[in-house]
Amino acid sequence: MVGRFVRIDVAWPVLAGLACSLAGLSGPSLAEPTVANPVVSIQGSTTFTSRLMRPYQAVIEANSGVKLDVIANKSVHGLVALLEGRTQMAMISSSLEGEKKHLQLMNPGLPIGQLKAFEVARTRIAFIVHRKNNVAMLSVAQLAGILRGEIKSWADVGGEDRPIAVVTVQPGGGVPTTVRTRILGGQPFKPGRMIVVEAPRHVVKISSQHEGALGIAQLGLVNSSVNEIKTDEPVEQILNFVTFGPPDETLKVIIDATRRVAADKLL
């Protein structure tokens, strides 16, 4: 059974007076109350964090008037923290429906029906290969065939006769959730070979070293150590904020401020 923490707000003058009385002090007043200078906790997607929150957090805070405590720990972990009352808002980099399916498998008792998603921006997923790989383009249908295990060699898509090894992060991240939802109709990956890594940056590192790799990566992490394969249709991640129930006015201000930054910086 998952519970949510309950916060009891006590009038600030009472707390300040009690603190001074206990300390036997009189003099400069204590710090301003958190109500006048709020700090909002946000947890979740590493993609959301790297694309928006890390580079533009100061701008979002200035536009919203709210200090942010941002923790990047994967979409599903942000949602669990939200449901357990350990954060005030979650970040996910996929559809909420796709993440709900994963949450139901983890714990059918979670109150996922009260989660509300607010789209902020979209960003393309990158499919990457070793620099020696001469395959420059794959269709979404070919990607589906690889991920279902129907296409097992690069020779079947115009490359060298080398086994394909799909490189991806563990389930629960926005990148694999989006690909499963968009390309496989929500079904799990079942390629001929698969390398599962812990951190998104490891997808790029392994793909740069393994000549048979097909890495599924965050666009922002791709660098010159790998080649990006073009696709006939873009496969996009949806960057969403998620709240437990309707957002209060403070959360609405943060959502609006982040949308403005995304429209200015990402589009």
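User: How are the axes behind the packing angle of helix α3 and helix α4 defined, and how is α3 oriented to α4?

Analyst: Axes are lines fitted to C-alpha atoms, for helices over the stretch in contact, and angles run from 0 to 180 degrees between N-to-C directions. In this predicted model, α3 (residues 75–83) and α4 (residues 96–106) pack at about 70°, with axes 10 Å apart. Angles of 65 to 115 degrees count as roughly perpendicular. Therefore α3 is, relative to α4, roughly perpendicular.

User: How many residues of the contact of α3 with α4 are nonpolar?

Analyst: From α3 come Ser75, Val76, Leu79, Val80 and Leu83, and from α4 come Leu96, Glu99, His102, Leu103 and Met106. Among the residues of this contact, 2 are polar and 1 is charged, while the nonpolar ones number 7.

User: Which element gives the most residues to the largest nonpolar core?

Analyst: This core holds 24 residues, and Phe127, Leu138, Trp154, Ile183, Leu214 and Ile216 touch the most other members. At least two residues each come from β4 (115–129), α5 (140–148), α6 (174–184) and β8 (213–218). With 5 residues, the element that gives the most is α5.

User: Is strand β6 largely enclosed or open, and why?

Analyst: On one side of β6, Ala165, Val167 and Val169 are buried, and on the other Val166 and Thr168 are buried. Because 5 of the 5 residues of β6 (residues 165–169) are buried, the strand is, with respect to the rest of the structure, largely enclosed.

User: Which residue of β7 stands opposite Val166?

Analyst: β6 pairs with β7 (residues 193–197) in the parallel sense, over 5 bridges. Opposite Val166 in β7 stands Met194.

Technical notes:
Residues are numbered from 1 along each chain as its sequence is written. This is a predicted model: local features need pLDDT of at least 70, side-chain atom pairs count only at pLDDT 80 or more; totals for chains, interfaces and linings use all residues. Side-chain values use heavy atoms; hydrogens and water are left out. Helices (H or I, at least four residues) and strands (E, at least two) are DSSP runs, numbered from the N terminus. Angles under 35 degrees count as roughly parallel, over 145 as roughly antiparallel, 65 to 115 as roughly perpendicular and the rest as oblique. Contact means heavy atoms within 4.5 Å. Ala, Val, Leu, Ile, Met, Phe, Trp, Tyr, Cys and Pro count as nonpolar, Asp, Glu, Lys and Arg as charged, and the others, Gly among them, as polar. A nonpolar core is a set of buried Ala, Val, Leu, Ile, Met, Phe, Trp, Tyr and Cys residues joined through side-chain atoms within 4.5 Å. Buried means under 20% relative accessible area, exposed over 50%, partly exposed in between (1.4 Å probe, protein chains only). Two strands pair if DSSP finds at least two bridges between them.
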